[in-house]
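Reader: I have a model open in front of me. Please show me how to read its features, one at a time.

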Amino acid sequence: MPKNYGVKEKDQVVTHIINLVMTGKLRSGDRIDRNEIVRDLGLSRVPIQEAVVQLEHDGILSTRYHRGAFVSRFDEATVAEHHELYGILNGIASARCAASPTPRILAHLDDTLRMMRSAKDTRSFQEACWMYRDSINDEYAGPRLHATIRAGKSFAPSEFWISYPKAKVDFLPGYEAETAAIHARDPEAAHTACTERADRMAEIMIAELTRRGVFGDLRSP
């Protein structure tokens, strides 16, 4: 596989391993074959080790002394828990925004919401969603909260949501509700909009991974 220039090599490895998990090619308890990744990506072992460290920190891999790195438990409950936490964490930042919105952030959120409404394809819609989320987190999440939210993104790869055709129908109402709550200076409603959207994301991901056969041991006789 040719190198993806412009993307950090460590991030290429992270994406590669996540994709293997999300497609069922790696399952809970499977050992990460570093030699295979070297061959597949054409990278050295340094970015692979950096990726393993990040993914262990994010709860996706676990390392065993002198045995290597293994896929941590990955099932319906894991996906649900991840999204529960992700919704709560984003909700904290959104509630802070609702408690003290500035004219600048309100105008930016309104502009981004208009981009979501007018999006003609899933990629454009999702890019506007990420812009919306980042603008709140960059402004209202402190370094620790921001880092924890960022770590959570590993479990929800962008490729998955860009390929989900009903994203606008499923998620636009939640962003409408969140924006209305921020304008109304209602932190509780802003937080709820985030947690409800995360719950819906979990339902969608679990259903799709079940359809793909990722959940359920296809290797059983």
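**Reading pockets, helices and single residues**

Author: Begin with an open space. The second largest pocket holds about 380 Å³. Keep in mind that this is a predicted model.

Reader: Which residues lie closest to the centre of the second largest pocket?

Author: D58, G59, H82, L85 and G152 do, out of 18 lining residues.

Reader: Which elements give two or more residues to that lining?

Author: Helices α4 and α7 do. The largest share comes from α4, with 6 residues.

Reader: How do the lining residues divide by class?

Author: For the second largest pocket, 6 are nonpolar, 8 are polar and 4 are charged.

Reader: Next, helix packing. How are two packed helices described?

Author: By the angle between their axes and the distance between the axes. Now the case here. Helix α4 covers residues 76-99 and helix α7 covers residues 143-152. They pack at an angle of about 145 degrees, and their axes are 10 Å apart. Their crossing is left-handed.

Reader: Which residues of α4 and α7 meet?

Author: From α4 come H82, Y86, L89, N90, I92, A93 and R96. From α7 come L145, T148, I149 and G152. By class, this contact has 6 nonpolar, 4 polar and 1 charged residues. Note two names: H82 and G152 take part in this contact, and both are among the residues closest to the centre of the second largest pocket.

Reader: On to closed spaces. How many cavities of 30 Å³ or more does the structure hold?

Author: The count is 1. The largest cavity has about 40 Å³ of space. Its lining consists of V21, G59, I60, V71, S72, R73, F74 and F155. By class, that lining has 5 nonpolar, 2 polar and 1 charged residues.

Reader: Take S72 from that list. Is S72 buried or exposed?

Author: Buried means under 20% relative accessible area. S72 has 16% relative accessibility, so it counts as buried. S72 sits in the loop between β2 (68-71) and α4.

Reader: What does S72 contact, leaving aside its neighbours within four places in sequence?

Author: S28, G59, I60, L61 and S62. Of these, G59 and I60 also line the largest cavity, along with S72.

Reader: How do I set sequence separation against distance in space?

Author: Compare two pairs. S72 and L106 are 34 residues apart along the chain, and their C-alpha atoms are separated by 40 Å. E84 and D199 are 115 residues apart in sequence, yet 6.5 Å apart in space, C-alpha to C-alpha. E84 belongs to helix α4.

Reader: Why is E84 called partly exposed?

Author: Partly exposed lies between the 20% and 50% cut-offs. E84 has a relative accessible area of 46%, so it is partly exposed.

Reader: And H16: where does it lie, and is it buried or exposed?

Author: H16 is in helix α1, residues 9-22. Its relative accessible area is 14%, so H16 is buried. Leaving aside neighbours within four places in sequence, H16 contacts I37, D40 and L41.

Reader: Last, backbone angles. What is phi of R185?

Author: Near 55 degrees, a positive value in a residue other than glycine. R185 lies in the loop between α9 (167-183) and α10 (187-212). With a relative accessible area of 47%, R185 is partly exposed.

Note on methods. Residues numbered from 1 in each chain as written. Predicted model: local features only at pLDDT ≥ 70, side-chain atom pairs only at ≥ 80, totals over all residues. Heavy atoms only, no water. Helix = DSSP H or I, 4+ residues; strand = E, 2+ residues; numbered from the N terminus. Buried < 20%, exposed > 50% of the residue type's maximum accessible area, 1.4 Å probe, protein only. Contact = heavy atoms within 4.5 Å. Axes fitted to C-alpha atoms, helices over the stretch in contact; angles between N-to-C directions. Left-handed = near helix turned anticlockwise from the far one by under 90°. Nonpolar A, V, L, I, M, F, W, Y, C, P; charged D, E, K, R; others polar. 1 Å grid on protein atoms, 1.4 Å probe; cavity = no way out; pocket = protein on both sides within 12 Å on 5 of 7 lines; lining within 4 Å. Points joined across faces, edges and corners; volume = space filled by probe spheres on them.
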